[in-house]
Amino acid sequence: MSKFKVAQQIISNPDREYLENILHDDFFLVREEGLETRKEFIDYVFAHDEAGNDFHVEIIEIKCLYEDENSLIWQDKFKSSANQKIFTTINYITYKDKKWWRAMMNKFEVNQ
């Protein structure tokens, strides 16, 4: 399966065990809000508020910008359930031992 297909699977149908299996033990994510460890990232993907509502976003579009044996870059557009704004992100993943090792995400608000 291509690296992009794996990312699409995580985004469209998140599964905790699947996500844990693709993340390197030393994984971390750099994003505007700060640095997230492997555990923090997994918790974020499966986050729920006190009322049980999930914080997942509505994906509008996702496309692969680049993929090779060591890296994956994709861009997505999504609507945030928290504030009903539309954002686009560019995501860069680098691999170690065939697992997601380092990730960077840059997010921009899209004018509606």
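**Strand E5 and a nonpolar surface patch**

In this predicted model, Leu 65, Tyr 66, Ile 90 and Phe 108 make up a nonpolar surface patch with about 360 Å² of accessible area together. Patches comprise residues with over 30% relative accessible area and no salt bridge, joining like charges within 9 Å and nonpolar side chains (Val, Leu, Ile, Met, Phe, Trp, Tyr) within 5 Å. A salt bridge places a side-chain nitrogen of Lys or Arg within 4 Å of a carboxyl oxygen of Asp or Glu. Areas follow the Shrake-Rupley method with a 1.4 Å probe; for residues, only the protein chains shown count as cover.

Local features need pLDDT of at least 70, and side-chain atom pairs pLDDT 80 or more, while totals for chains, interfaces and linings use all residues. Residues are numbered from 1 along each chain as its sequence is written, and side-chain values use heavy atoms, without hydrogens or water.

Ile 90 lies in strand E5 (strands are DSSP runs of at least two residues, helices, H or I, of at least four, numbered from the N terminus). Ile 90 is partly exposed, because its relative accessibility is 35% (buried is under 20%, exposed over 50%, partly exposed in between; 1.4 Å probe, protein chains only). In E5 (residues 86–96), 8 of the 11 residues are buried, so the strand is largely enclosed by the rest of the structure.

E5 pairs with E4 (residues 71–79) in the antiparallel sense over 9 bridges; pairing requires at least two DSSP bridges. Phe 78 has Phe 87 of E5 as its bridge partner. E5 also pairs with E6 (residues 99–109), antiparallel, over 10 bridges. Here Tyr 92 stands opposite Met 104 of E6.
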